[in-house]
Amino acid sequence: MQYKSTRNSKILVNSAQAIVQGISKEGGLFVPESFPHLSMEEIAALADKTYAERAAAILTNFLTDFTPEEIQHCVTNAYRPEKFGSDRIAELAHLYDGTYMLELWHGPTCAFKDMALQLLPYLLTTSAKKVAPNQEIVILVATSGDTGKAALEGFKDVEGTRILVFYPEDGVSAMQKRQMTTQEGHNVQVCAIQGNFDDAQTGVKTIFTDAAFAQKLADNGKMFSSANSINWGRLVPQIVYYFSAYADLISSGDIRPGDAINVVVPTGNFGNILSAYYAKKMGLPVRKFICASNANNVLTDFIRTGTYDRNRAFHATISPSMDILISSNLERLLFDLCGEDDQEICQLFDSLKTKGTYTISDTMRTKLQAEFYGGYCDDQQTCAEIKKIFDKYSYLCDTHTAVALKVYDDYKAETGDTTKAVIASTASPYKFSASVLEAIEGKKSDADEYTQLARLHALSNLEIPEQLANLQNKPVRFTGSVDKTEMPVVVAKMLGL
Ligand SMILES: *Cc1c(COP(=O)(O)O)cnc(C)c1O
């Protein structure tokens, strides 16, 4: 299996190269040259397998330059039951008739990013041995909260790697800040910057593309790599849990092999929902992909009109991991919808860069709308949904998942489609306890984050994740903050350059 770039189809690399490189030289994203197909027998057979075995069954098709032993090593270490609270890893909970919550937040950092970032370090170190032996891999991350912590947990103490995370000093939740500043591991560093997420992101990009810096690294036996969701190594693990959910529905007798389902995903960078779309290309029977956004509804407009327009106000919402105006992984979907025409993709993204907007062809829009439904809701509707779901079903959901549930209600009201649905539940409600508590009690709480955890627990009886409760007793390792211009100095210092 080879991977080609969305902006130059002539560039072909194997999976190890795609994972180590992260992004193609000319700015395109790597996509598989073809999609393997699983028969319904093969899909149904996943029902009898552990999660790690399910992951191996999917990965084998894509990582053809990995040996079976290497894939085995990666999946068994990533998906250890003790790291995900049970051997089910991606738990499927029944919410109400025909509606199921795919709980992707039982991992070490309580958000769905763990599903990929627990595996990525193994994929990356295995790949580096093949294409860049004896090099130390340096991961730089700019985060608005969830990715940084999940990447730190994934890469901590991983031989041959270093990780440095930058976050905006005042741009993450109290719990997210705690999670990062108390991070353990000998190869990790966390640095707050005086600026917003964009400053952090721009700073990281500048360091990445600095040729002199890269040379200095190379002279010292090191290289940069990326852990963000444009890396193929972050997408491929996410395909697995859609097959896993389908297999679980077969084994519980809720569906028969071959029955179609709908998939609902609270969406930001478009990585999670794209993985579901890729699962369909591999044979998973999905009728509709329901793409849920918050007040940053650029994707809703795009799906409804075919015009992507980032020229709009940015809203800071209570579902911050979806506060995004440029959804990077959409590029991979567009590449598919236009029949893999790299020139067309170059034109669209050139237009996005210069004008902040592009419009796809009628043919592409027709294909897009046949597969996707887009909807959004604001913070007030998100809170109302959290309360409704809790009152009706005694089920506590986080702010991101609530957006998905609300948009799914709207979808059903609009279309009357009652196909059974899997909702991607992307974070533990305890990770956003202030907003969830406010939604349920109807007023803001002044209590500290640990008191809020206890209050939510008293209300819901849902177990508090140990890893969040324990933060209270962990020493803070990383304090202070730097100006954004000092980011290169921080990196050089950490690496002893
Ligand atoms: C990252 C994230 C999302 C958005 O996922 P994408 O793959 O970027 O679309 C949704 N919810 C939570 C809790 C997240 O951390």
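Contact here means heavy atoms within 4.5 Å. The structure is a predicted model, and the report below goes through its sheets, one covered helix and its ring pairs.

**The parallel sheet**

Helix α9, residues 197–208, lies across four strands, namely β6, β7, β8 (188–194) and β9. The direction of α9 is at about 155° to that of β6. These strands belong to an open sheet of 5 strands with parallel pairing, in the order β9-β6-β7-β8-β16. At the edges stand β9 (222–225) and β16 (481–483); each has a single partner strand, so one side of each is left without a neighbour in the sheet. From one strand to the next, the twist averages 30°.

Within this sheet, β6 (residues 136–142) and β7 (residues 161–168) run parallel and are joined by 6 bridges. Opposite Val138 stands Arg162 in β7.

Helix α7 covers residues 146–155. How many residues of α7 are buried? The count is 10 of its 10 residues. Charged residues appear in that buried list, including Asp146, Lys149 and Glu153. Also buried in α7 are Gly148, Leu152 and Phe155, among others. Just after α7, Asp157 takes a positive phi of about 60°.

**The antiparallel sheet**

A further open sheet has 3 strands in the order β2-β1-β3, with antiparallel pairing. Its edge strands, β2 (8–13) and β3, each pair on one side only. Direction ignored, neighbouring strands of this sheet are turned by 40° against each other on average. Strand β1 (residues 3–5) is joined to β2 by 3 bridges, and the two run antiparallel. Tyr3 stands opposite Val13 in β2. Helix α14 (residues 330–337) packs on the sheet and touches β1, β2 and β3. The direction of α14 makes about 50° with that of β3.

**Aromatic pairs**

The model has 21 aromatic pairs. Two of them are set out here.

| Pair | Centre to centre | Angle between planes | Arrangement |
|---|---|---|---|
| Phe35 and Phe62 | 6.2 Å | 80° | edge-to-face |
| Tyr277 and Phe372 | 5.7 Å | 35° | tilted |

Why is the pair of Phe35 and Phe62 edge-to-face? Planes over 60 degrees apart count as edge-to-face, and the planes of Phe35 and Phe62 are at 80°, so the pair falls in that class. Phe35 lies in the loop between β3 (30–32) and α2 (40–45), while Phe62 is in helix α3 (residues 51–62), so the pair ties together parts that are 27 residues apart in sequence. Are Phe35 and Phe62 buried or exposed? Both are buried.

The tilted pair links distant parts of the chain, 95 residues apart. Tyr277 is in helix α12 (residues 271–281) and Phe372 in strand β14 (residues 372–376). Tyr277 and Phe372 are both buried.

Phe35 and Phe62 also take part in a cluster linked by ring pairs, together with Tyr3, Trp232 and Tyr278. Through Tyr3, this cluster includes a residue that stands opposite Val13 in the antiparallel sheet.

**Charges over rings**

Two rings have a charged side chain over them. The charged end of Lys130 sits over the ring of Phe66, at 5.3 Å from the ring centre. Arg304 lies over the face of Tyr373, where the distance to the ring centre is 5.8 Å. Tyr373 falls within strand β14 (residues 372–376), the strand that holds Phe372 of the tilted pair.

Technical notes: Residues are numbered from 1 along each chain as its sequence is written. This is a predicted model: local features need pLDDT of at least 70, side-chain atom pairs count only at pLDDT 80 or more; totals for chains, interfaces and linings use all residues. Side-chain values use heavy atoms; hydrogens and water are left out. Rings of Phe, Tyr and Trp (its six-membered ring) pair if their centres lie within 6.5 Å; planes under 30 degrees apart count as stacked, over 60 as edge-to-face and the rest as tilted. Buried means under 20% relative accessible area, exposed over 50%, partly exposed in between (1.4 Å probe, protein chains only). A charge sits over a ring if NZ of Lys or CZ of Arg is within 6 Å of the ring centre and within 35 degrees of the ring normal. Two strands pair if DSSP finds at least two bridges between them. Axes are lines fitted to C-alpha atoms, for helices over the stretch in contact, and angles run from 0 to 180 degrees between N-to-C directions.
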